[in-house]
Amino acid sequence: MSCPSGCWRSPPVSDVVLGEDGLARPAWAATDPLLREYYDAEWGMPVRDERGLFERLSLEAFQSGLSWVTILRKRPAFRAAFAGFDPDAVAAFDDDDVARLMADAGIVRNRRKVDATITNARATVALRAEGGLPAFVWSFQPADTPRPRTGAEVPTTSPESVALAKALKARGFRHVGPTTMFALMEAVGIVDTHLVGSHRRGSSGVWSG
């Protein structure tokens with residue numbers, strides 16, 4: 001999961017915002033309580049377990065074209081609908097499950113994204129033969145991370161996200177383009193794009209400030 005669609009670029013974020021609690025955050029995480037909690041507690045923290053990484057990969061795909069807060073609000077329903085994002089369970093979904101998902105108003109009812117999530121679960125199970133999804137995704141960690149001071153300085157792709165997208169597609173994954181994969185890398189701590197000056201900068205333990 002990453003910052004809400006367009007949050008870094010429309011309107012441009014020029015600096016961090018000091019909240020009433022005295023903590024500095026980017027503008028996108030400074031007002032809505034749900035986004036603020038997500039930013040403070042989850043975004044950019046390392047995710048190294050298969051189920052957690054599969055969930056975040058799935059939700060990033062569902063987020064495409066939508067605001068991130070929409071996905072956050074629907075996350076409990078997504079977890080219920082997709083068996084807690086257990087890859088083995090989702091990999092076994094059949095046509096009846098697809099029909100159930102497409103009738104579930106609690107999630108994003110996009111057939112291509114639903115089908116992709118099931119396909120990606122099967123690809124996640126198959127990837128265990130190569131060491132598993134977490135090891136595979138984390139193997140694309142770059143040697144350095146961005147250090148943006150403004151929202152305009154936050155990239156949307158990287159050579160590593162392009163390579164990761166290509167490698168996952170070669171292994172049967174879908175809806176894993178370079179931009180979506182860079183957002184995943186931000187969300188799970190593989191890169192740190194917290195603005196310099198944010199109270200979360202360098203907090204993941206993966207990168208120094």
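These legends accompany several close-up views of a predicted model.

**View 1. A stacked pair of phenylalanine rings, F78 and F82.** The structure holds 11 aromatic pairs, and this view picks out one of them. The ring centres of F78 and F82 are 6.4 Å apart and the planes meet at 25 degrees, so the pair counts as stacked. Planes under 30 degrees apart fall in that class. Both F78 and F82 are buried. Look around them and you will find a wider group: ring pairs join F54, F62, F78, F82, F85 and F93 into a cluster.

**View 2. The largest nonpolar core, with L168 as a guide.** This core has 51 residues, and those touching the most other members are F78, F82, L133, L164, L168 and M181. Helix 3, residues 68-81, gives the most to the core, with six residues. Which residues does L168 touch, leaving aside those up to four places away in sequence? The contacts of L168 are L57, L133, F136, F173, V176 and M181. Two of these names, L133 and M181, also appear among the core members that touch the most others. F78 and F82 may be familiar too, as the stacked pair of the first view.

**View 3. Arginines over aromatic rings.** Here are two places where an arginine meets a ring face-on. The charged end of R48 sits over the ring of W138, at 3.8 Å from the ring centre. In the other, R200 lies over the face of Y39, and the distance to the ring centre is 6.0 Å. Y39 will come up again with S198, which touches it.

**View 4. D192, a buried acidic residue with a salt-bridge partner.** D192 is placed in the segment after helix 9, which spans 178-187. Is D192 buried or exposed? Its relative accessible area is 3%, so D192 is buried. The side chains of D192 and R201 meet in a salt bridge, with 3.5 Å from N to O. R201 is buried as well. D192 also reaches the backbone: a polar atom of its side chain lies 3.0 Å from the backbone nitrogen of H194. Beyond residues up to four places away in sequence, D192 touches T145, P146, R201, G202 and W207.

**View 5. The salt bridge between D32 and R73.** By the rule used here, the model has 14 salt bridges. In this one, the side chains of D32 and R73 come to 3.2 Å, N to O. The pair links distant parts of the chain, with the partners 41 residues apart: D32 is in the loop between strand 2 (24-25) and helix 1 (33-41), while R73 is in helix 3. How do the two partners compare with the accessibility classes? D32 has 21% relative accessibility, so it counts as partly exposed. R73 has a relative accessible area of 54% and is therefore exposed.

**View 6. The salt bridge between R171 and E130.** The closest N and O atoms of R171 and E130 are 3.1 Å apart. This pair, too, links distant parts of the chain, 41 residues apart: R171 is in the loop between helix 8 (159-170) and helix 9, and E130 is in the loop between helix 6 (111-127) and helix 7 (133-138). R171 is partly exposed, with a relative accessible area of 33%. E130 is also partly exposed, at 47% relative accessibility. Elsewhere, salt bridges that share partners join D21, R25 and D40 into one network.

**View 7. S198 and its neighbours.** S198 is found in the segment after helix 9. With a relative accessible area of 6%, S198 is buried. Apart from residues up to four places away in sequence, S198 touches V16, A24, R25, P26 and Y39. Two of these neighbours have appeared before: R25 belongs to the salt-bridge network with D21 and D40, and Y39 is the residue whose ring face lies under R200.

**View 8. R109, in a loop between two helices.** R109 sits in the loop between helix 5 (95-102) and helix 6. Its relative accessible area is 46%, so R109 is partly exposed. Not counting residues up to four places away in sequence, R109 touches L101, M102, A103 and D104. How far apart are the C-alpha atoms of R109 and A126, 17 residues apart along the chain? They are separated by 26 Å.

Terms used: Residues numbered from 1 in each chain as written. Predicted model: local features only at pLDDT ≥ 70, side-chain atom pairs only at ≥ 80, totals over all residues. Heavy atoms only, no water. Phe/Tyr/Trp six-rings, centres within 6.5 Å; stacked < 30°, edge-to-face > 60°. Buried < 20%, exposed > 50% of the residue type's maximum accessible area, 1.4 Å probe, protein only. Lys NZ or Arg CZ within 6 Å of the ring centre and 35° of its normal. Helix = DSSP H or I, 4+ residues; strand = E, 2+ residues; numbered from the N terminus. Polar contact = N/O pair within 3.5 Å; in protein donor to acceptor, adjacent residues only side chain to side chain. Contact = heavy atoms within 4.5 Å. Core = buried A, V, L, I, M, F, W, Y, C linked by side-chain atoms within 4.5 Å. Salt bridge = Lys/Arg side-chain N within 4 Å of Asp/Glu carboxyl O.
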